[in-house]
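The following exercises practise the reading of a protein model. Each task is followed by a solution in steps.

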Amino acid sequence: MRIILFSRPDFDHNPDELRMLFALFSKYGLDYTVNRPFAERIGKCHGIAIPDSKRYSEIPSVTARESMVISYGGDGTFLEAVRLLDGTAIPILGINSGHLGFLANIPRAGISEALDAIVRKRYTIDSRSLLHVEGKFSDRVSGSLCAFNEFAIQRRGANMIYVDVDVDGKRVATYRGDGVLLSTPTGSTA
């Protein structure tokens, strides 16, 4: 099993916890790769050296059967990991080293048990819906237009916006106002 570890570089992680995480990867024989900005940060700040061969700039091309993303942070980090996957069907496990743990629901104390379950293939995958939005957007919109939990569409300037909502090619509604929030069954954080 290949672990694709993702965390935000600006998050203040506990160095002992990080060392334990990498030691557990070794103990369980898990191959891993770490997002480059996070790897650089923990190298500079905590002296944890991640070889260049184990760093990635974009999510590596792998299949869902052979890999899993581990989001290490809070719910915001988990949502960022989902955006990086851009709809690729790779399972994500969220380890909560942040404050909110609705999505990143594995507590720090449960890391070893979670990795053991991964190695033994004793876990289930909960499929979630994504929203995909198309339309004319400002130049400031970048990245994926898929959302795991919600999309907020809001006006800029004084004019009201008009949002046409189609589901499976059929018009469901047209909304007029300052904005609209669309949420998946996973739920909105708004």
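**Exercise 1.** State how many aromatic pairs a search of the whole structure finds, and classify the pair formed by Phe22 and Phe25.

*Solution.*
Step 1. The model is a predicted one, and a search of the whole of it finds four aromatic pairs.
Step 2. A pair of rings is described by the distance of the centres and the angle of the planes.
Step 3. For Phe22 and Phe25, the centres are 5.8 Å apart and the planes stand at 90°. An angle over 60 degrees counts as edge-to-face, and the pair of Phe22 and Phe25 is therefore edge-to-face.
Step 4. Both residues belong to helix 1 (residues 15-27), where they are three residues apart, about one turn of the helix.

**Exercise 2.** Decide whether Phe22, Phe25 and Tyr32 are buried or exposed.

*Solution.*
Step 1. The cut-off for a buried residue is a relative accessible area under 20%.
Step 2. Phe22 has a relative accessibility of 10%, so Phe22 counts as buried.
Step 3. Phe25, at 1%, therefore counts as buried.
Step 4. Tyr32 has a value of 15%, so Tyr32 also counts as buried.

**Exercise 3.** Classify the ring pair of Phe22 and Tyr32, and describe the surroundings of Tyr32.

*Solution.*
Step 1. The ring centres of Phe22 and Tyr32 lie 5.3 Å apart, and their planes are at 55°, so this pair is tilted.
Step 2. Because Phe22 lies in helix 1 and Tyr32 in strand 2 (residues 31-35), the pair ties together parts that are 10 residues apart in sequence.
Step 3. Ring pairs thus link Phe22, Phe25 and Tyr32 into a cluster.
Step 4. Over the face of Tyr32 lies Lys54, at 4.7 Å from the ring centre.

**Exercise 4.** Describe the second largest pocket by its volume, its lining and the character of its lining residues.

*Solution.*
Step 1. The volume of the second largest pocket is about 790 Å³.
Step 2. Its lining consists of 28 residues; Phe78, Pro91, Ile92, Ile125 and Asp126 lie nearest the centre.
Step 3. Helix 3 (75-85), strand 5 (92-96) and helix 4 (111-119) are the elements that give two or more residues to this lining.
Step 4. By character, the lining residues comprise 20 nonpolar, six polar and two charged.

**Exercise 5.** Locate Arg156 and state whether Arg156 is buried or exposed.

*Solution.*
Step 1. Arg156 is in the loop between strand 9 (150-154) and strand 10 (161-167).
Step 2. Its relative accessibility is 57%, so Arg156 counts as exposed.
Step 3. Arg156 and Phe11 are 145 residues apart along the chain, and their C-alpha atoms are separated by 31 Å.

Notes
Residues numbered from 1 in each chain as written. Predicted model: local features only at pLDDT ≥ 70, side-chain atom pairs only at ≥ 80, totals over all residues. Heavy atoms only, no water. 1 Å grid on protein atoms, 1.4 Å probe; cavity = no way out; pocket = protein on both sides within 12 Å on 5 of 7 lines; lining within 4 Å. Points joined across faces, edges and corners; volume = space filled by probe spheres on them. Helix = DSSP H or I, 4+ residues; strand = E, 2+ residues; numbered from the N terminus. Nonpolar A, V, L, I, M, F, W, Y, C, P; charged D, E, K, R; others polar. Phe/Tyr/Trp six-rings, centres within 6.5 Å; stacked < 30°, edge-to-face > 60°. Buried < 20%, exposed > 50% of the residue type's maximum accessible area, 1.4 Å probe, protein only. Lys NZ or Arg CZ within 6 Å of the ring centre and 35° of its normal.
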